[in-house]
Amino acid sequence: MTPLIRNLAQYGEYHQDSRNITTHLVGVPMIVLAVEILLSRPVFGFAGVALTPAMAAALMASMWYLRLDFGFGVVMALLLALGAWAGLVIGQGGSAAWLGSGIGLFVVGWALQFLGHHYEGRKPAFMDDLRGLLVGPLFVVAELAFLLGLRKDLRAQLEAATK
C-alpha cells in the first residue's frame, strides 16, 4: 500500500457518512484559507518580494503532497499558493479585515467539521493522528476528483484498502 493510499484510507475511515463528507468539502477549504490568512502577517521583504509565514507553510505542505502524489501535489500546491496570495491581499487590508476574515472562516469551518462528525458519530481523524490535519485538504481534493470521474484507479485502490 502506497503512502498516499494509506493516508487517504486511514482518513477515509473517519469519513463514511455523506453528510460528513459534504461538510468537509466546504469546511476544510475554509479552515485552510483561514490559516493562510492568519499566517499572512508579518510580511517580510526579500529581494523585492513579499514573503509571509503562510507562504513558508504552503511550500512545506506542498512538498509533502508532491511526495505523496505528483498530480494531487501540483493541485494542492496551486490551491495553497492561491490561498497564500489571498491571505496576503486580505492581510494588507487592515487588522479588522485580516482578523475578522481569518477567525471567522476558522470558526465556521470548524463548526462545519464538528457538525459533520456529529452525523458520522465519530471523532475527527486528527484527534488520533495529527497528520489528519494535512490529509484533510488532500482528502477534499481527492473526493472532488472522484466526483468528476477522475482517478478511478486510485478510487478503486482506496475502496479495496478499506474493505
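A salt bridge is a side-chain nitrogen of Lys or Arg within 4 Å of a carboxyl oxygen of Asp or Glu. This tour of a predicted model begins with such pairs and then proceeds to a covered helix, a surface patch and some features of the backbone.

**First stop: the salt bridges**

Please select Arg155 and Glu159, which form a salt bridge with their closest N and O atoms 3.5 Å apart. Both residues belong to helix α7, where they are four residues apart and therefore separated by about one helical turn. An α-helix has 3.6 residues a turn, so residues three or four places apart point the same way. Arg155 is partly exposed, with a relative accessible area of 37%, and Glu159 is likewise partly exposed, at 41%.

How many salt bridges does a search of the whole structure find? The search finds four. Two further examples are visited here.

Select Arg151 together with Asp69. These residues form a salt bridge in which the closest N and O atoms are 3.0 Å apart. The pair links distant parts of the chain, 82 residues apart: Arg151 stands in the loop between α6 and α7, and Asp69 in the loop between α3 and α4. Is Asp69 buried or exposed? Its relative accessibility is 14%, so Asp69 counts as buried, the cut-off for that class being under 20%. Arg151, with a relative accessible area of 26%, is partly exposed.

Next, display Lys123 and Asp128, whose side chains meet in a salt bridge of 2.8 Å, N to O. Lys123 counts as partly exposed at 41% relative accessibility, and Asp128 is also partly exposed, at 43%.

**Second stop: helix α1 and its surroundings**

Select residues 3–12, which make up helix α1. This helix is mostly covered, with seven of its ten residues buried. To colour them, choose Leu4, Ile5, Asn7, Leu8, Ala9, Tyr11 and Gly12.

Against which helices do these buried residues pack? Their partners are α2, α3 (53–68), α4 (70–91), α6 (132–147) and α7 (152–161).

One of these partners, α6, deserves a separate view. The axes of α1 and α6 are 10 Å apart and meet at an angle of about 95°. That angle makes α1 roughly perpendicular to α6, because values from 65 to 115 degrees are counted in that class. On the α1 side, the contact is made by Leu4, Asn7, Leu8, Tyr11 and Gly12. On the α6 side, the residues to select are Gly132, Val135, Gly136, Leu138, Phe139 and Ala142.

**Third stop: a nonpolar patch on the surface**

Turn now to the surface and select Val35, Leu39, Leu99, Ile103, Phe106 and Val107. These residues form a nonpolar patch with about 450 Å² of accessible area together. Which helix gives the most to the patch? Helix α5, covering residues 95–120, gives the most, with four residues.

Leu39, another member of the patch, is placed in the loop between α2 (18–38) and β1 (44–46). Leu39 has a relative accessible area of 32% and is therefore partly exposed.

While helix α5 is in view, select Gly100, which is found in that helix. With a relative accessible area of 43%, Gly100 is partly exposed. A distance may then be drawn from Gly100 to Ala34: the two are 66 residues apart in sequence and 9.8 Å apart in space, C-alpha to C-alpha.

**Fourth stop: the backbone**

Most residues other than glycine have a negative phi, and most peptide bonds are trans. The last selections depart from that pattern.

Begin with Arg41 and Pro42, which are joined by a cis peptide bond with omega about 0°. Pro42 is placed in the loop between α2 and β1, the loop that also holds Leu39 of the patch.

Move on to Ala47, which has a positive phi of about 55° although it is not a glycine. Ala47 is in the loop between β1 and β2 (49–51). Is Ala47 buried or exposed? Ala47 is exposed, with a relative accessible area of 75%.

Finally, return to Arg151 in the loop between α6 and α7. Arg151 also has a positive phi of about 55°, although it is not a glycine. The tour thus ends at a residue already met as the partner of Asp69 in a salt bridge.

Terms used: Residues numbered from 1 in each chain as written. Predicted model: local features only at pLDDT ≥ 70, side-chain atom pairs only at ≥ 80, totals over all residues. Heavy atoms only, no water. Patch = residues over 30% accessible without salt bridge, like charges linked within 9 Å, V, L, I, M, F, W, Y side chains within 5 Å. Areas by Shrake-Rupley, 256 points an atom, 1.4 Å probe, with all protein chains shown as cover. Helix = DSSP H or I, 4+ residues; strand = E, 2+ residues; numbered from the N terminus. Buried < 20%, exposed > 50% of the residue type's maximum accessible area, 1.4 Å probe, protein only. Contact = heavy atoms within 4.5 Å. Axes fitted to C-alpha atoms, helices over the stretch in contact; angles between N-to-C directions. Parallel < 35°, antiparallel > 145°, perpendicular 65-115°, else oblique.
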